[in-house]
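Subject: the model I promised

Hi,

Here is the structure we talked about, ready for you to open. Have a look at it first, and then read my notes below.

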Amino acid sequence: MDAAEFRKHGYRMVDWIADYWEKVEDRRILPDVKPGEIRSRMPQAAPEAPEPFDDIMADLDEIVMPGITHWQSPGWFAFFPANSSPPAVLGELAAAGLGVQGMLWATSPACTEVESQVMDWMVDLMGLPQEWKTTGPGGGVIQGSASEATHMAVVIARHVKSSQVTADDMVAYTSAQAHSSVEKGARVAGIGHLRLVETDANLAMSPAALSHAVAADRAGGLTPAFVGSTVGTTGTTAVDPLRAIGEIAGSEGMWHHVDAAFSGTAMICEEFRHYQDGLELVDSYVFNPHKWMLTNFDCSAMYLADRRPMIDALSITPPYLRNQATEGGEVIDYRDWQVPLGRRFRALKLWFVLRSYGAEGIRAKVREDVRLARWLTERVEAHPLLELVAPTTFSLVSFRHTGSDEETSRIAEGINSSGWAYVTASILDDRPLVRVSIGQTNTEARHVRRLWELIKQLTEEKT
Ligand SMILES: *Cc1c(COP(=O)(O)O)cnc(C)c1O
């Protein structure tokens, strides 16, 4: 494909994406395919001869689209959103075209410097501690996912303690409501023991239970090494008390990592910042612009209060990576801030998004989603046959039928078979619940109103 052909097909591809977004609302949100059906429509072997691009585009519609789950539909209320947006896609396209590999500052200086600057911007935008800027002792880096950031935090915690004790005798703590990536991180790092600390009535980690578990482990000859707090759990967006946990972590010499994967985006609005009180007692932090901040996957923002332990844990310099800029010590080499060596120019899409929407555009989006969630919460609370399962802290509403579990499950199934809306049927304390997550790029008030009408109808309908 030469430049002229690329132009032609490129314009067409942009049209294709714009058409998709314009009409995604009318598509059936969940695909109707059986396992293996999509790949069975593809040939057994890769083509030997070049194929016309028109044929490839035709197969995109015919083979791929029937198997797509429409995460960009405004009826997306499942899991958390994985938002895309026009400026993010254009930033992604520019990054793909440049095709740089930014493992070192020297392998493409702009790749590193744009990322550092954008991450420093976000320290101010989100009310994070000033020390977390790359111009200070800490710094920010874009990881592929919150899970990777959390795994890395556990690896750093292990490294910090490794001069005193082997990983077998280390303990990692997190709440029973934390994301599975904390447990997986402990496995990846070979931490000997993981404790799932009890939560309170609001499903937040209990500091008293944490202290208790730490004391019991010390008495048993083990070494507390890591505690993972969550701001906005995946189940119900519960918020752990960061300050109380941070104080325990400080006095016990544990690494304190915060997972704010979804809810972190809300901190761009000052009225939510009380939920992150105690950040000065945190060693590492992650949130996902690729969930609620209009930036398509993958873009996970990780911060360190002090970057030295991370670089001690991860830096290895074979001869072929040696260069003057690195040796002069005046540049950041992001390969030391992540597990892989190679890295793409992910900061471009985030930069495009922050500039295109401006902080006020993102704040307006967050506030509108939260307003819609509160509106839905009021309706659920006022309905005699429905009850909230957890407080609506941000834009996630969790509820169940006051009658039987079967009726709760029937509401979720009814929504998901509507064709236009999709929610998660989750489980808490062995009982089903309906989990409505509001925040998709294209969701408006009318979609939430329509969802409420459907919920009401399914709730009141006799089985
Ligand atoms: C979504 C989520 C994750 C996982 O995020 P990835 O970027 O997909 O790894 C981790 N923690 C919490 C609290 C989440 O909600």
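Let's start with a single residue: Val 155 sits in helix α6. Bear in mind that this is a predicted model. Val 155 has a relative accessibility of 17%, and because the cut-off for buried is under 20%, Val 155 counts as buried. Leaving aside residues up to four places away in sequence, Val 155 touches Ala 189 and Leu 314. Arg 449, by contrast, is 45 Å from Val 155, C-alpha to C-alpha, with the two positions 294 residues apart in sequence terms.

Staying with that helix, what does α6 cross? The axes of α6 (residues 146–161) and α7 (residues 180–188) come within 8 Å, crossing at roughly 45 degrees. That angle makes α6 oblique to α7. The crossing of α6 past α7 is right-handed. On the α6 side the contact is made by Ser 147, Thr 150, His 151 and Val 154, and on the α7 side by Ser 181, Val 182, Lys 184, Gly 185, Ala 186 and Val 188. Sorted by class, the residues in this contact of α6 with α7 are four nonpolar, five polar and one charged.

There is another helix pair to set beside it. Helix α8 (residues 207–219) and helix α9 (residues 242–252) have axes that come within 9 Å and cross at roughly 20 degrees. That makes α8 roughly parallel to α9. Here too the handedness is assigned: α8 passes α9 in a right-handed crossing. Which residues meet? From α8 they are Pro 207, Leu 210, Ser 211, Val 214 and Arg 218, and from α9 they are Ala 244, Ile 245, Ile 248 and Glu 252. The contact of α8 with α9 has six nonpolar residues, one polar and two charged.

Now for the sheets. One is an open sheet of seven strands, and its pairing is mixed. In what order do the strands run? The order is β2-β8-β7-β6-β5-β3-β4. The edges belong to β2 (139–143) and β4 (193–197); each has a single partner strand, so one side of each is left without a neighbour in the sheet. From one strand to the next, the twist averages 20 degrees.

Next to the edge, β3 and β4 run parallel and are joined by five bridges. Val 171 has His 193 in β4 as its bridge partner. Two helices I looked at pack on this sheet. Helix α5 touches β2, β7 (284–287) and β8 (300–304), and its direction makes about 80 degrees with that of β8. Helix α8, the one that meets α9, packs against β3, β4 and β5, with its direction at about 165 degrees to that of β3.

Strand β5 (residues 223–230) deserves a look of its own. Is β5 mostly covered or mostly uncovered? Mostly covered: eight of its eight residues are buried. Strand β3 (residues 170–175) pairs with β5 in the parallel sense over five bridges, and Met 170 has Thr 223 in β5 as its bridge partner. β5 is also joined to β6 (residues 255–259) by five bridges, again parallel. There, Thr 230 stands opposite Asp 259 in β6.

There is also an open sheet of five strands, in the order β1-β11-β12-β10-β9 and with mixed pairing. Its edge strands are β1 (76–77) and β9 (386–388), each of which pairs on one side only. β9 pairs with β10 (residues 396–401) in the antiparallel sense over three bridges, and Glu 387 stands opposite Arg 400 in β10. Lying across β9, β10, β11 (422–428) and β12 (431–437) is helix α14 (residues 405–416), which runs at about 35 degrees to β12.

One last residue for you to click on: Ser 108, in the loop between α4 (86–98) and α5 (109–125). Its relative accessible area is 16%, so Ser 108 is buried. Ser 108 and Phe 345 are 237 residues apart in sequence, but in space their C-alpha atoms are 9.5 Å apart.

Cheers

Technical notes: Residues are numbered from 1 along each chain as its sequence is written. This is a predicted model: local features need pLDDT of at least 70, side-chain atom pairs count only at pLDDT 80 or more; totals for chains, interfaces and linings use all residues. Side-chain values use heavy atoms; hydrogens and water are left out. Axes are lines fitted to C-alpha atoms, for helices over the stretch in contact, and angles run from 0 to 180 degrees between N-to-C directions. Helices (H or I, at least four residues) and strands (E, at least two) are DSSP runs, numbered from the N terminus. Angles under 35 degrees count as roughly parallel, over 145 as roughly antiparallel, 65 to 115 as roughly perpendicular and the rest as oblique. A crossing is left-handed if the near helix is turned anticlockwise from the far one by less than a right angle, and right-handed if clockwise. Contact means heavy atoms within 4.5 Å. Ala, Val, Leu, Ile, Met, Phe, Trp, Tyr, Cys and Pro count as nonpolar, Asp, Glu, Lys and Arg as charged, and the others, Gly among them, as polar. Buried means under 20% relative accessible area, exposed over 50%, partly exposed in between (1.4 Å probe, protein chains only). Two strands pair if DSSP finds at least two bridges between them.
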